[in-house]
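Biologist: I'm new to reading structures. Could you show me one and let me ask about it bit by bit?

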Amino acid sequence: MSEIKSWTTHRDAKQQKLENAASLLDGKFAKTKDAKELLELLISSNDKVVLEGDNQKQASFLSKVLASVDPEKVHGLHMIMSSLSRPEHLDIFDLGIANKMDFSFAGPQSTRVSQMVADGTMQVGDIHTYLELYARLFVDLIPNVVLVAADKVDREGNLYTGNNTEETPVIVESAAFKDGIVIVQANEIVDKVPRVDIPSDWVDVVIPADEPYQLEPLFTRDPQNITELQILMGMMAIRGIYEKHNVQSVNHGVGFNTAAIELLLPTYGEQLGLKGKIVPNWEVNPTPTLIPAIESGWIKSIHSFGGEVGMEKYIAARPDIFFVGKDGSMRSNRAYGQMAGQYALDMFVGSTLQIDKYGNSSTVTNGRLSGFGGAPNMGSNPTGRRHSTPAWQSLRPDNDPLGKGQKLVVQMVETFGSNKKPVFVDHLDAEEVRKEAKLKNVPIMIYSEDTTHIVTEEGIAYLYKTDSMAERQAAIEAIAGVTPVGLRSDAKTLADLRARGIVALPEDLGVSRGQAKRSLLAAQTMDDLVEWSNGLYNPPAKFRSWS
Amino acid sequence: MLSNVTPSLRKKVTDLTDIELTDTDQGYTDSVQIQLSILILQIDQIDKMKADGWAPNLVAGHSLGVFAAAYAANVITAVDAIKVVALRAKEMQNAYPTGYGMGVIVGLLRKEVTGIVNENFDKRNPVYVSNQNSQLQVTVSGSIIGIKKILEQAKKRGAQKAKLLRVPVPSHSPLMRDVAKKLTTILGKIQLQDPTCIYLADYNGHATKSVERVTYDLGNNLVHPVYWDVMMDVAKEYLIDSSVEFSPGHVMTGLLKTKIPDMKTISMADMVLEDAEFLLNKWKNQEKR
């Protein structure tokens with residue numbers, strides 16, 4: 001007989017590591033000052049490690065500690081992170097503590113990432129959307145150790161992650177049930193947590209942090225900065241898309257275009273008599289520019305990927321709208337949010353830096369490897385969808401007996417960017433970046449085939465109505481203004497496209513350019529938003545110009 | 001320019017190089033005088049801040065500024081910096097007595113300028129795309145005849161500004177290879193140290209803490225573009241929130257402020273040391289709170 005095979009090698013290895021660290025632990029609890037030594041004992045070289053960090057919440061204490069471990073003891077880690085946001089996330093590669101990275105988004109560190117990939121300091125496994133990265137945690141990127149952040153932890157080790165629960169549950173689950181080690185940094189140790197977001201049973205080690213985890217108010221847009229051009233585009237979108245397609249559920253990307261729409265619903269939308277008829281249900285972060293629409297009864301529900309700094313009290317006072325625990329604080333969930341955004345929504349509305357002549361869009365620019373966030377999930381047509389809604393059905397081609405509906409994926413861009421360079425281009429910078437960074441695919445944010453509408457200050461192109469690539473290109477050219485792509489359009493083609501409803505100009509939609517004034521916004525300043533919220537919204541310091 | 005500089009530093013230049021710094025308008029028509037005077041002005045300001053206990057987290061120098069940056073990061077001594085810059089200035093002066101220089105183009109992206117330069121390349125009047133000062137500010141270096149042609153084309157393609165710079169050498173282009181070789185030789189004889197903070201290299205825009213990379217930058221930045229725009233992107237990614245620009249100019253502060261409006265900036269050309277240190281102390285205390 002051969003030796004009896006052990007089926008508990010992972011469990012045994014985990015047990016051994018925790019025993020090695022036993023002298024530094026009191027139950028699950030460690031001291032702040034022992035954090036470095038603990039990580040050196042609990043993380044082995046070449047481990048797969050998830051370090052929590054999305055575009056808002058960062059396990060910033062644990063990331064600093066990880067960058068301080070002795071590279072002789074811990075090296076060659078394979079990091080899995082949804083967002084590379086902090087300098088030390090890259091320092092661990094400079095120091096040799098890690099050498100491989102699977103990630104989604106690197107916007108705040110995109111220059112260094114690009115440089116590190118070029119000089120071989122960082123090996124990129126792949127660049128993912130959030131949902132893909134979470135999915136792989138349960139398949140082929142199962143972590144050995146996860147490093148996450150909690151607001152409060154009770155004496156048993158139960159975690160409260162509150163408004164910014166975000167991706168903590170999905171990360172912890174991937175390790176806790178596969179003999180990975182779950183290490184938590186805590187802002188505060190308390191006798192009783194407001195509610196249990198993660199049960200103590202899933203947690204191995206809790207370390208009190210020297211300061212609260214980093215939190216970015218990413219989705220806050222000051223209405224002061226919304227331009228009249230954006231207001232015009234917002235009006236066109238409301239008439240020509242929201243109303244036309246009877247859109248009931250939506251995700252808005254981060255940007256001033258969509259902030260304008262949010263602030264136009266209670267004014268312009270009201271004038272059109274659309275209240276109660278469009279967009280009651282939202283999958284979106286609790287952005288302050290939604291407050292006027294919520295207060296005037298436009299919105300019935302909002303589920304969120306993450307929290308938003310300053311919105312806590314307002315959310316707590318509006319449990320009919322938000323997903324709020326018994327304790328009064330919101331429960332966000334990034335994985336469920338992405339799932340809802342992909343499968344349950346009628347429409348995604350976003351913006352981008354470049355759109356090519358075919359309608360592919362990308363936010364990648366030369367010299368920067370910024371990756372993706374959630375836009376490719378939300379900005380794509382899920383072919384696995386089977387349920388129908390009026391908006392989805394309205395895009396069904398009428399010449400195919402087996403045809404089905406389609407999600408509305410809308411790109412809103414001004415024809416020229418803030419650097420005065422054309423947004424509409426023959427070739428995306430992303431094509432160049434693919435070569436430089438040796439990527440398998442061109443990093444396209446949203447593909448032409450998924451893009452159903454493009455809105456510019458010139459008009460709307462209804463791409464889903466086109467039946468050839470040539471016609472699609474003509475529709476894009478018709479609304480691309482005086483960019484090189486736009487200059488290829490001519491009056492005859494435009495007239496034909498308008499006649500067939502493939503392109504609509506403001507006048508075709510009954511939108512008057514003269515009405516597009518800032519006074520049409522329900523709130524024009526941060527102060528107005530605070531007022532709409534009855535003083536419940538508390539803007540972060542950097543948005544307070546009056547104090 | 002040198003009235004506030006510690007006299008012994010000025011004397012050191014004469015002792016080491018036999019060059020008397022005149023600190024006069026007449027003197028400043030000579031680029032050896034300019035380069036050495038700027039160097040010791042910067043060294044003097046750095047010394048005074050260091051003496052008061054200030055140390056940088058990150059340094060960056062544009063072209064000649066790499067020496068002050070390396071000095072601030074404790075890579076090179078004042079004596080060695082003076083010796084190397086004296087050689088650099090003389091060699092640059094001798095390299096192209098006439099007909100070569102630099103131009104600046106504002107309003108076009110680097111790839112647009114590169115397109116123009118490639119389309120118009122002429123072996124007899126070579127021009128190269130050189131420094132990237134900001135996203136829409138690119139310089140070209142080479143033959144003056146060639147540069148004039150490029151500037152004209154740039155205006156036609158929508159540049160807001162395209163003009164010759166008052167620089168008598170085609171700096172930051174392959175035309176400077178001989179000067180770089182001589183600098184590399186002299187640097188090879190000098191004892192240099194690892195930087196004590198992050199150093200941003202001109203030649204590739206990367207951050208480094210290695211003495212080899214800094215040495216390469218000191219010796220060879222003249223043959224490479226200065227990737228200033230990328231360097232400032234990298235500084236931002238290191239979460240740098242305040243900056244000090246050493247004299248004589250404040251151009252870099254302007255570029256930085258445009259790129260990162262939240263940056264707290266000081267330019268020593270516009271401020272006395274006491275005021276600069278007052279501000280730094282204030283910002284430091286704000287951070288603690």
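Biologist: What pLDDT does chain B average?

Modeller: Keep in mind that this is a predicted model, so confidence is a good place to start. In chain B, 99% of the residues score at least 70. The average pLDDT for chain B is 95.

Biologist: Okay, and which helix of chain B gives the most to the side that touches chain A?

Modeller: Let's look at the contact itself. Eleven residues of chain B meet ten residues of chain A. By class, chain B's side has six nonpolar, two polar and three charged residues. Four residues on that side come from one helix, residues 228–237, and that's α9 of chain B.

Biologist: Now chain A. How far apart are the C-alpha centres of domain 1 and domain 2 of chain A?

Modeller: The domain assignment puts domain 1 of chain A at 28–215 and domain 2 of chain A at 223–527. Take the C-alpha centre of each one, and the distance between the two is 32 Å.

Biologist: And which element gives the most to the side of domain 1 of chain A that touches domain 2 of chain A?

Modeller: That contact takes 33 residues from domain 1 of chain A and 31 from domain 2 of chain A. On the domain 1 side, the elements of chain A giving two or more residues are β6 (98–105), α5 (110–118), α6 (130–136) and α7 (168–176). The one that gives the most, with six residues, is α5(A).

Biologist: How many residues on that side of domain 1 of chain A are nonpolar?

Modeller: Sort the residues on the side touching domain 2 of chain A by class: 13 are polar and six are charged. The nonpolar ones number 14.

Terms used:
Residues are numbered from 1 along each chain as its sequence is written. Chains are lettered from A and ligands numbered from 1 in the order in which they are written. This is a predicted model: local features need pLDDT of at least 70, side-chain atom pairs count only at pLDDT 80 or more; totals for chains, interfaces and linings use all residues. Two residues are in contact if their C-beta atoms, placed from the backbone, lie within 7 Å. Ala, Val, Leu, Ile, Met, Phe, Trp, Tyr, Cys and Pro count as nonpolar, Asp, Glu, Lys and Arg as charged, and the others, Gly among them, as polar. Domain bounds come from an automatic or database domain assignment. pLDDT is the predictor's confidence in each residue, from 0 to 100.
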